[in-house]
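Student: Could you take me through one part of this model up close, and then show me how it ties in with what's around it? I'd like one connected walk rather than a list.

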Amino acid sequence: MENYQKSKVILGLMRITDLSKDEVYQLIKGALDLGIHYFDTADFYGHGLSEEKLGEVLKEHPELRSQMFIQTKCGLVPAANGDKYLDLSYEHIKEALNASLKRMNITYVDSFLLHRVDIFMDNKEIARAIQELYKEGKIRHFGVSNMDINIIKYLQEYIDLPIEVDQLQVSLGQPALISQPLNVNFPQQVPNISDGLFFYLKKKNIALQCWSPYQIGFFEGSIFNEERLPKLNAKLKELAKKYNSTKCGIATSFLTMLGEHVSVITGATNLNYVKETLEGATLVMSKEDWYDLYCSTGNLLP
Ligand SMILES: NC(=O)c1ccc[n+]([C@@H]2O[C@H](COP(=O)([O-])OP(=O)(O)OC[C@H]3O[C@@H](n4cnc5c(N)ncnc54)[C@H](OP(=O)(O)O)[C@@H]3O)[C@@H](O)[C@H]2O)c1
């Protein structure tokens, strides 16, 4: 099971909420057959529905559990007004994980992440919740999502378990994490975010899991939309031809080339797309082509 943590491709289950039980089974079984064992969900996806759908499949096919490395998250909570709020209190973390386990029909998760920052969170309280869940055998690994260096250091202070994952949005449509170190002395070129985070994760060997790897901005559509991003798509096509790959394969390689600790979470529900991601995850382009691709979305090099 430990090797699954080194997976370059993770299957994200955020978009399975409209699928039937059989379709979810076919997707999970198909991914396993392709060699993907790492699955990512969260209690917030479909307000529990993503975990519930996974749970229905596991109830009917319990033999799949031992082949799966299941990761879920807590902290985002549906609000009465239809929007959301954040809660990383001791009580909420414990309640949320227990509810997730129940929905998924499992007794433990392989990895448990704090989904977003809650401004009221307290590192001692979080350490107590996480360590109790670990001792109870309900979580095996721990990590965070959408957090920067200072927050990671703050959370790590009282927790014996290492923070092993930081799940962040990184893609050709949202490259800020990469653009920051490339432009340290050129602040006019990039917004001032994620200061030093990319190399901090690399140094600490914290897995960088890239979410929404093919989306523009925050769920604004696909980077493969030729009308919206003509220059990028022309470059993706050109490189796909050169490397005997696909546009998705090239966009995946753009991310997985960033280091051994980097993986891609595909949100595809179509197994043919999942195959394209898998193929791209082992593809290594020349550095010259990588930078050319980076610049094709309008990014500047220093
Ligand atoms: N930590 C966080 O805050 C956070 C936030 C958002 C998401 N996530 C995680 O990241 C995962 C992925 O997010 P996402 O679903 O937005 O990622 P995504 O893979 O960038 O987007 C998925 C969409 O792209 C399409 N697609 C995928 N591969 C394609 C290909 N080869 N060609 C054409 N279209 C393709 C999919 O189509 P089909 O549906 O037709 O296959 C789907 O509509 C989620 O499932 C979740 O686990 C984490």
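Tutor: Let's start with strand β7 (residues 139–145), which runs parallel to β8 and is joined to it by three bridges. In that pairing, V144 stands opposite D166 in β8. Keep in mind that we're looking at a predicted model.

Now stay on β8 and look to the other partner. Strand β8 (residues 163–169) is joined to strand β9 (residues 207–211) by five bridges, and these two also run parallel. Here L168 is the residue that stands opposite C210 in β9. As for how covered β8 is, five of its seven residues are buried, so call the strand mostly covered.

Zoom out a little and you'll see where these pairings belong. The strands form a closed barrel of eight, in the order β1-β2-β3-β6-β7-β8-β9-β10, with parallel pairing. On average, neighbouring strands of this sheet are turned by 30° against each other, ignoring direction.

Helices pack on that sheet too. Take helix α9 (residues 247–256): it touches β9 and β10, and its direction makes about 145° with that of β10. Helix α10 packs on the sheet as well, touching β1 (9–12) and β10, and in its case the angle with the direction of β10 is about 170°.

Helix α9 deserves a longer look. Ten of its ten residues are buried, so the helix is largely enclosed by the rest of the structure. Among those buried residues are K247, C248, F254 and L255. What do they pack against? The partners are β9, α8 (230–242), β10, α10 and α11 (287–295).

One of those buried residues, C248, takes us to the ligand. Of the 25 residues around the ligand, C248 is among those that come nearest, along with G12, M14, Y214 and G267. Strand β10 (262–266) and helix α10 (271–281) each supply at least two residues of this shell. By type, the shell divides into ten nonpolar, twelve polar and three charged residues.

So where does the ligand sit relative to the domains? The domain assignment gives domain 1 (1–166) and domain 2 (170–302). Both of them give residues to the shell, so the ligand lies between them.

The two domains also touch each other: 22 residues of domain 1 are in contact with 23 residues of domain 2. On the domain 1 side, the elements that give two or more residues to this contact are β1, α1 (21–34) and β8. That brings us back to β8, the strand we met at the start as the partner of β7. The residues on that side of domain 1 divide into twelve nonpolar, four polar and six charged. Taken over C-alpha atoms, the centres of the two domains are separated by 24 Å.

One last stop, in a loop. N183 is found between α6 (176–182) and α7 (197–204). Is N183 buried or exposed? It has 18 C-beta neighbours inside 10 Å, so it counts as partly exposed. Along the chain N183 is 119 residues apart from P302, yet their C-alpha atoms are separated by 6.1 Å.

Definitions and conventions: Residues are numbered from 1 along each chain as its sequence is written. This is a predicted model: local features need pLDDT of at least 70, side-chain atom pairs count only at pLDDT 80 or more; totals for chains, interfaces and linings use all residues. A residue is near a molecule or strand if its C-beta atom, placed from the backbone, lies within 6 Å of it. Helices (H or I, at least four residues) and strands (E, at least two) are DSSP runs, numbered from the N terminus. Ala, Val, Leu, Ile, Met, Phe, Trp, Tyr, Cys and Pro count as nonpolar, Asp, Glu, Lys and Arg as charged, and the others, Gly among them, as polar. Domain bounds come from an automatic or database domain assignment. Two strands pair if DSSP finds at least two bridges between them. Axes are lines fitted to C-alpha atoms, for helices over the stretch in contact, and angles run from 0 to 180 degrees between N-to-C directions. Two residues are in contact if their C-beta atoms, placed from the backbone, lie within 7 Å. A residue is buried if 20 or more other C-beta atoms lie within 10 Å of its own, exposed if 12 or fewer, and partly exposed in between; C-beta atoms are placed from the backbone.
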